[in-house]
Structures are given as structure tokens and as C-alpha cells.
Amino acid sequence: MQSNHLPRRDFLAYGSASLAGLTVLRSSLARAFPNRPGEEVVPWADQPPSVPTAAAGDVQNLQKWEDLNTWLTPNERFFSISHYDRPAIDEKTWSLEIGGSIGHPLRLTLDDLKARPRREVTFTLECSGNHGFPWFTAAVGNAQWAGTPLAPLLEEAQVRSSAKEVVFFGTDAGEEQVRSVKVRQNFARSMSLADAMSRDTILAYEMNGAPLPQPNGFPLRLIAPGWYGIANVKWLDRIEVRDTPFMGRFQARDYVTLREEQHEGKVVGIETSVGRTLLKSVPAKVTRQGDQYRIIGAAWGAPIAKVEVQIDGGPWTPATIDRSEEADHAWRIWSLDWERPSPGEHRITSRAVGFGGQVQPAMDDPVIANKRTYWESNGQVTRRVRVS
Ligand SMILES: Nc1nc2c(c(=O)[nH]1)N[C@H]1C(S)=C(S)[C@@H](COP(=O)(O)O)O[C@H]1N2
Ligand SMILES: [Mo]
């Protein structure tokens, strides 16, 4: 994994109640980041349009970036995306099945899962469609997820040597059409066996110290840190190990990035399935204390070495990264004091730089500009603000 050289704030705890975990959680929730007495938020001049009616079922609870004031996103402020429905599951009759290309099928109740080793991971979950539309700019949140690691369960299930992939099925389903054929399918996504065996991947039953809320997958969801939202299957009830690639809608037809690339002087279309998160940052808000202005933002998607801010197309200035709250897969909060902005409208852009030297691409970078679908829009974000 790319993040090994960073300090870990995630930890492994055994038993059903982790006191240490709760302590960390309370202090994180309580601690609002860079905040000065009498500080007020200056709202962005470029407010996103409201969610179109056609998308309002799928996409819920998007927040205003100006309201970001904690490292962990409280559950009631966490966005929710569902492509079918948001099933209400009775935990008493629910169980998880692990089957397919394995020697030892398993069926586990919620109590069985809670009795297993507990692992907590703080992970910033972003929909890969975020920033793909003008109204869709806040589909990202940071939570502390708790559950049991997936790898030991797969080991117990005795995965056959022919196995290639692990498919995760939700209980939510809908009708899907390929050419003239219509079938009812459950929401499902697969991962390679190697990716599924990653130590950070958990079957999560808690979010920020509470049972998973229904919109976020109660009673169980996959949490795959380092992967875009789509991989984190909610309302999970079946895990199937398979010998051949799974090609369901959300793997191979939808959530597919189509990009035009140059090859030997010709343009070729390349389609790839949305997978691992990409380096990204946003200016979240501008605050003001008297005539002292400050720009505050977030950066995530890969280990963040630095964040730079550009005002009105000027030089890139390094922001200060808040290192008081850190975890391998969680966003970093950054800030920059903005000395004496002149009255009028200003443009603020941020870019994240990773430890490998990779830079969050500009909107006119070919990697963004030659993309024909809206997913994986990790280009630099520019916001406008009016100073009086
Ligand atoms: N079963 C199921 N899991 C799902 C989805 C879904 O529609 N059904 N949506 C996915 C998408 S597109 C995203 S971005 C994340 C969103 O997680 P959240 O609703 O907890 O924010 O869940 C993913 N898991
Ligand atoms: Mo998504």
C-alpha cells in the first residue's frame, strides 16, 4: 500500500466495546478545526444549484461546504447515494452468507460478526461522480467505521485456488436491461481476491460509534478504504467468491470511465471501471475575523504531502495542513491565512500534491479534459468569493 510511511491513527481492538475508540471519537467530534473567536463564514458567491428532481431519490443529504467544521462528518450530515432503494432490514432475520468458490460456506448473524475481532478505520468516502455535475460537489464525508476484518473470514471460508474475485451483493435490487433482455439484479460489485484480502477492508456495522444508519447500509456494509464509494457495498447480505470476472452493471456498464487517449497519432477510446480513489482537494470555506481572512479546505484520495492554494490565478502558496487529526485513509484539513484581500470578487483554487510527487490535475489537463464520462472528476476545484 502507498500509505505505509504515514503515522497510523487507526488501531485494532478486540472485544465488542472499545473504550479507547470511543474516547478518540468524542474528542474528534468535539474538536472543531481552525476556529477563532468571533470568526464568521463568508458564503461562496458560486452556490451549487439544488439537486435536480430526477436525481433527488438517488442522492440525498448533500451538505454545504461552508458548514464543514469537524474532521469526522456526523452521521446526520453524511451524504447518501442509492441506485435502487434504501431497504429497511430487520437485523433479527438478516444474516450474511459467504459462498461460491470456497470449501467451507459460512452464514453469520450480526451477533456472530460483532463477536469477531473488531477493527476501526477512519476513511473518507467519496462518490466517484462527485464534481461531475455543477450540483454534485459535496458527495464526500469522513467517518470512523467499525466492524470485523474481511480477510480472516475469507480464510475461514477456504477460498479455492481457482478463485479470482470476490463479489459483494446488497439486498437492494432493480430491473436491468442489456439489449432486449431484462433481469432483476441486486446491487453488486466485485474486487480481485488480492484487493479483498487487504488488511484495511472491513465488514462494518458501526459508523462514528453508532449502528450504521439505514441510508448508509444498516446492518452491514463493506468498507474498502482507498476505494471510491461505489466499491463500498451497503445492505450487504451475500459474499460470493468467483473464478471468472464479474460484469454487473456497477462494475462494467455503469461507473465506467470513458477517456479519449492519443495512440500513434490516433485517438482511441479507453474504458476503465471506477476503482481506487484519486488525489483531490477542495477549498471548503472562507472565514473572516474582522479583516483577517482565512481559507479552509480538505484534501483526500491519497496520502497528502502538501496542498497549495492559488488566488486569482496568482502564485501557488502552500497551505498549512492540520496534523492534529490524521489517519491513513482520512482527509486532511488545511488552511491558509489570506492577507488583506481587496474588496470585490476573488477566485480560489486548491491542488493537492501526493507523496509520490503526483499533483491533482488542472481542469484542462488531458487526463480530465479528455474524459468523456463524469466519474473520477478529481480536477482542481475553483470557488468564487466576494470580499466587501
Ligand atoms: N447496496 C448498495 N451499495 C452502495 C450503493 C447502492 O446503491 N447500493 N451506492 C454506492 C455508491 S455509488 C456510493 S457513492 C456509496 C455511498 O455511500 P453512502 O450512501 O454511505 O454515503 O455507496 C455505495 N454502495
Ligand atoms: Mo457513487
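The following exercises, each with a worked solution, concern a predicted model.

**Exercise 1. Determine which residues pair in the salt bridge of Arg-118, and classify each partner as buried or exposed.**

Step 1. The side chain of Arg-118 meets that of Glu-120 in a salt bridge, with an N to O distance of 2.9 Å.
Step 2. Buried means under 20% relative accessible area.
Step 3. Arg-118 has a relative accessibility of 6% and therefore counts as buried.
Step 4. Glu-120, at 2% relative accessibility, likewise counts as buried.

**Exercise 2. Examine the salt bridge of Arg-372 and state which parts of the chain it ties together.**

Step 1. The partner of Arg-372 is Glu-260, and the closest N and O atoms are 3.2 Å apart.
Step 2. Arg-372 is located in the loop between helix H6 (366-369) and strand S24 (381-387), whereas Glu-260 belongs to strand S15 (residues 256-263), so the pair ties together parts that are 112 residues apart in sequence.
Step 3. Arg-372 counts as partly exposed, with 46% relative accessibility.
Step 4. Glu-260 also counts as partly exposed, with 33%.

**Exercise 3. Describe the salt bridge between Arg-323 and Glu-326, then identify the residues that shared partners join into one network.**

Step 1. In the pair Arg-323 and Glu-326, the closest N and O atoms are 2.5 Å apart.
Step 2. Arg-323 is partly exposed at 38% relative accessibility, while Glu-326 is buried at 8%.
Step 3. Through salt bridges that share partners, Arg-118, Glu-120 and Glu-206 form one network.
Step 4. Across the whole structure, a search finds 22 salt bridges.

**Exercise 4. Locate the patch of negative charge on the surface and place Asp-90 within the fold.**

Step 1. The patch gathers Asp-90, Glu-91, Asp-111 and Asp-112.
Step 2. Asp-90 lies in the loop that runs between strand S4 (80-81) and strand S5 (96-100).
Step 3. Membership of a patch requires over 30% relative accessible area; Asp-90 has 39% and is partly exposed.
Step 4. The unreviewed UniProt entry annotates residues 83-248 as "domain: Oxidoreductase molybdopterin-binding".
Step 5. In the model, the end C-alpha atoms of residues 83-248 are 14 Å apart, and this span is 10% helix and 43% strand.

**Exercise 5. Identify the backbone features at Pro-219, Trp-235 and Asp-312.**

Step 1. Phe-218 and Pro-219 are joined by a cis peptide bond with omega of about 5 degrees. Pro-219 lies in the loop between strand S12 (210-211) and strand S13 (221-223).
Step 2. Trp-235 is not a glycine, yet has a positive phi of about 45 degrees. Trp-235 is in the loop between S13 and strand S14 (236-242), and is buried, with a relative accessible area of 1%.
Step 3. Asp-312 is not a glycine either, and has a positive phi of about 50 degrees. The loop that holds Asp-312 connects strand S19 (304-311) and strand S20 (316-318); at 34% relative accessibility, Asp-312 counts as partly exposed.

**Exercise 6. Set sequence separation beside spatial separation for Glu-339 with Arg-294 and for Glu-40 with Ser-377.**

Step 1. Glu-339 occupies the loop between strand S22 (332-338) and strand S23 (344-354) and is exposed, with a relative accessible area of 57%.
Step 2. Glu-339 and Arg-294 are 45 residues apart along the chain, and 8.2 Å separates their C-alpha atoms.
Step 3. Glu-40 is part of strand S2 (residues 40-42) and is partly exposed, with 42% relative accessible area.
Step 4. Glu-40 and Ser-377 are 337 residues apart in sequence and, C-alpha to C-alpha, 30 Å apart in space.

Note on methods
Residues numbered from 1 in each chain as written. Chains lettered and ligands numbered in written order. Predicted model: local features only at pLDDT ≥ 70, side-chain atom pairs only at ≥ 80, totals over all residues. Heavy atoms only, no water. Patch = residues over 30% accessible without salt bridge, like charges linked within 9 Å, V, L, I, M, F, W, Y side chains within 5 Å. Areas by Shrake-Rupley, 256 points an atom, 1.4 Å probe, with all protein chains shown as cover. Salt bridge = Lys/Arg side-chain N within 4 Å of Asp/Glu carboxyl O. Lys, Arg positive; Asp, Glu negative; His and termini not counted. Charge placed at Lys NZ, Arg CZ, Asp CG, Glu CD. Helix = DSSP H or I, 4+ residues; strand = E, 2+ residues; numbered from the N terminus. Buried < 20%, exposed > 50% of the residue type's maximum accessible area, 1.4 Å probe, protein only. UniProt positions renumbered as here; feature names shortened; annotations may be inferred.
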